[in-house]
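Welcome, and thanks for taking a look at this one with us. Please open the sequence and the structure side by side before reading on.

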Amino acid sequence: MNRPVHNKNKAHRYELAALTALLLLIAASRAVHFDRIQMHWDEVWAVWQTFGTPGQILAWTPYDWSPLYFLSLGAWKELVGIYPVPLRILSLFAFMLGAACMYRLARRLWGARAGALATLVYSALTYSVSFSIMVRGYAFLLALTPPALWFMARYFDRPTWRRAVPLAASMAALFYVQTTGVIVFAMMGVYTLAVYRAAIIRWWRPGVLAALLALPEIINKARLAGDHLAAIHAQTLPPFWETLQYLFTAYTGDAYPAWLALLLIASAALLYRRRLAGRVLALAAWTLAPALLYVLQPYIGIFRYGEPRYMWWAIPGAALWVGWGLSLLPRRTGAVLPALLVVLMFLPIPYNRHRDASFKVLAQHWRAGDVIVIDPACQTCPAPEEWDYFARVYFPGGLQFASAPGDYRRVWYASHAVHEDAAAYAAVNAGRVPAVFVGPPEFLLRLYEGPPDPAGVPFENGLRFHGLEVLGDAPPGRPVFHEGETVQVRLWWSVEAAILYDY
């Protein structure tokens, strides 16, 4: 009599082990990027918004976001510090929670195979990888959508107050991260209408609770919604197919041919095996929603071209569609599909050239007494909040800025390499020689060094000695050395007349 229970427990252990391995693979696929990806300006700005008390973070929350992510990031920052990698781990942890709930959702609807494949698709899309390691709230949005869908499926199968509460809380949390969560609510409404039909009236419990929980933020955002939508409405969009191709390649990266093949195969399997069942229609509507919003742009004006991150909500629906469709393929595909998706998950993602690599090198060469002069013509140099953030990360002693090079001996000149202000460039070069440099042309940091003694001591042979400089990590002024220690120095000379002898 106990044998079936034993077999069930054994199967449960195998399933748990497989899900654990899947989550570890997801974490590994993100961790390989930690040493390569650099902080985007938007990420720096998000961290900079948390340099205050909770009340200040609430006051600084931008109009197009809600405060939940910034408060969470601020609390996480107090635990782990402000270095980029620990901050990225918060997004990774949130995404892994979402991945686990994606598995539970798809498994509940279509079985364990569909659960694994939907989770792999959800995790392998290029934009999912990027979102899950960005210091932005999009990781929270992706993470909160699967649990909301899972709670919805549980609630509509057995509508009780006990199941309505977590559904309402997850929906309110989505709204408290960003108002674009309402698009997910719309997709949830379409799904329940297609699958449960007249039972859609069951939404009254979680709907009322979610509205009450989110009421303060609803009131706060209602004032701004009209102006924000009007600005988007005025945007001119490229042709239809060009726009959809842009979105698709943005989400799938360089592997877009493989993803296109998987999408077509999954769609064919769903339409062949499930015809036009309610769930098929609902997920098809979700997957095709970006195209629908493009068509409705003249009327509702919420399509955002050039910023595919605002279409983050398309990822969960597409993952469910493709994962379910692939699970309907013959069993002989075996491990081929999961292996392919794992490979896609570990493919490189696009890296942007940003600031932190330059600041790391600057920190290695920075000495007490150095100053930074920013070229007044540099429109691509870091914003003030970027300087502030990276100074806190890499320069505990702070950075010293100067509006002009003056008499400073070591000047770090920040400029656009081909659009420098002529007067500023000449002032930095006067009496100094260029040395080490770092960074891309749009943000070039170069050290210009002058001699310790600008006047110098003349010699009869035409040479002028401008002093001795101790190199390495020795402090300026009067450095101290131990007996037998090797000291590296630089002698500064200039020539005022022809030299008769080969010195």
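This report covers a set of paired strands and then an enclosed cavity.

Please keep in mind that the model is a predicted one.

**Paired strands**

Let's begin with the strand pairings, listed here.

| Strand pair | Residues | Sense | Bridges |
|---|---|---|---|
| E5 and E6 | 457–458 and 463–470 | antiparallel | two |
| E6 and E7 | 463–470 and 489–495 | antiparallel | six |

Strand E6 thus appears in both rows, pairing with E5 and also being joined to E7. Arg464 of E6 is a handy residue to follow across the pairings: Pro458 stands opposite it, and Ser494 in E7 is likewise opposite Arg464.

How many residues lie between E5 and E6 in their hairpin? There are four, and one residue of that turn, Gly462, has a positive phi of about 100 degrees.

**The cavity**

Now to the interior space. The count comes to one cavity of 30 Å³ or more, and the largest cavity has a volume of about 70 Å³.

Which helices each supply at least two residues of its lining? They are H5 (84–110), H8 (138–157) and H14 (278–287). The lining is made up of Leu105, Leu109, Trp110, Leu149, Met152, Ala153, Tyr191, Leu283, Trp286 and Leu320.

If you are thinking about the chemical character of this lining, the class tally is easy to remember: 10 nonpolar residues, no polar ones and no charged ones.

Conventions:
Residues are numbered from 1 along each chain as its sequence is written. This is a predicted model: local features need pLDDT of at least 70, side-chain atom pairs count only at pLDDT 80 or more; totals for chains, interfaces and linings use all residues. Side-chain values use heavy atoms; hydrogens and water are left out. Two strands pair if DSSP finds at least two bridges between them. On a 1 Å grid over the protein atoms alone, a cavity is a set of points where a 1.4 Å probe fits but cannot get out, and a pocket is an open set with protein on both sides within 12 Å along at least five of seven lines; lining residues have an atom within 4 Å of a point. Grid points are joined across faces, edges and corners, and a volume is the space filled by probe spheres set on the points. Ala, Val, Leu, Ile, Met, Phe, Trp, Tyr, Cys and Pro count as nonpolar, Asp, Glu, Lys and Arg as charged, and the others, Gly among them, as polar.
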